[in-house]
Amino acid sequence: DTLSSNYGDVLMAAVEGAKDQFSDTEYETLKSDAEQIRKIEEEIAALPTDSSDAQTSDASGTAFPQFEGKDLDGNTVKSDELFSENAVTVVNFWFNECKPCVEELSEMNALNDRLQEQGGEVIGVNVGTLDGDEQIIAAAKQILETKGANYRNIYFDSDSDAGKFALGVTAFPTTYVIDRNGNIVGEALLGGIDNDENLSALQNTIDEVIAKDSQK
């Protein structure tokens with residue numbers, strides 16, 4: 001659940017819960033501290049996990065780590081082919097036990113349908129399926145089917161750069177927008193796109209990438 005994965009949110013809830021024990025000034029200070037921590041946590045979550053790569057470009061121009069993985073049916077998927085074939089690729093990180101992740105799967109599927117008409121694609125990365133854990137893959141396929149989500153979900157080795165990147169995601173669901181050159185565009189979206197504000201923020205980034213791609 002995203003609440004427990006961002007310590008700022010945990011603190012905020014604790015401050016709210018004990019609100020009547022603080023003076024107004026103390027409450028405001030604690031609240032702004034928790035908000036600050038939440039922002040820092042979000043920034044950390046959006047950073048690539050391999051800091052040696054991060055110095056070569058600013059965060060939104062960071063290349064998504066290259067990988068050779070598989071989809072949940074065992075077909076090989078290579079990052080260079082995947083990204084270069086799509087005007088835009090939306091990569092959504094989730095896991096089976098994450099309720100907000102599962103709740104947005106049907107919206108992700110609808111987004112994939114719309115993107116395919118524009119030469120784009122949604123890719124799911126279920127972090128539990130890294131290294132090809134058969135039981136978790138079977139459960140993930142069942143969940144996707146239940147939600148009517150038939151877009152590609154992929155996995156790769158956890159000790160690969162892409163695996164380390166996936167394991168560095170601390171809030172779920174988290175969604176990245178990637179251009180044809182394999183670069184991350186804009187900020188990572190934390191939270192589900194069944195929330196209209198989140199969907200609109202994600203759509204703005206997607207539109208920007210498609211517009212730039214069509215100018216080439």
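A disulfide here is a pair of cysteine sulfur atoms within 2.5 Å. With that in hand, let's go. What we have is a predicted model.

How many disulfides does a search of the whole structure find? One. The partners are C98 and C101, with their sulfur atoms 2.1 Å apart. The torsion about the S-S bond is 80°, and the link of C98 and C101 is right-handed. Buried or exposed, these two cysteines? Both C98 and C101 are buried.

Now the aromatics. A pair of aromatic rings is described by the distance of the centres and the angle of the planes. The count of aromatic pairs comes to ten. Take F64 and F67, one of those pairs. Their centres lie 6.3 Å apart, the planes make 80°, and the geometry is edge-to-face. Both F64 and F67 are buried.

F64 also pairs with F83. That contact is edge-to-face too, at 5.8 Å centre to centre and 75° between the planes. Where do F64 and F83 sit in the chain? F64 is in the loop between α4 (51–54) and β1 (68–71). F83 belongs to helix α5, residues 79–85. The two are 19 residues apart, and the pair links distant parts of the chain.

Why does F64 count as buried? Because its relative accessibility is 4%, and the cut-off for buried is under 20%. F83 counts as buried because its relative accessibility is 4%.

Last item, the wider network. Which residues do ring pairs link into a cluster with F64? They are F67, F83, F93, F156, F165 and Y176.

How values were computed:
Residues numbered from 1 in each chain as written. Predicted model: local features only at pLDDT ≥ 70, side-chain atom pairs only at ≥ 80, totals over all residues. Heavy atoms only, no water. Buried < 20%, exposed > 50% of the residue type's maximum accessible area, 1.4 Å probe, protein only. Phe/Tyr/Trp six-rings, centres within 6.5 Å; stacked < 30°, edge-to-face > 60°. Helix = DSSP H or I, 4+ residues; strand = E, 2+ residues; numbered from the N terminus.
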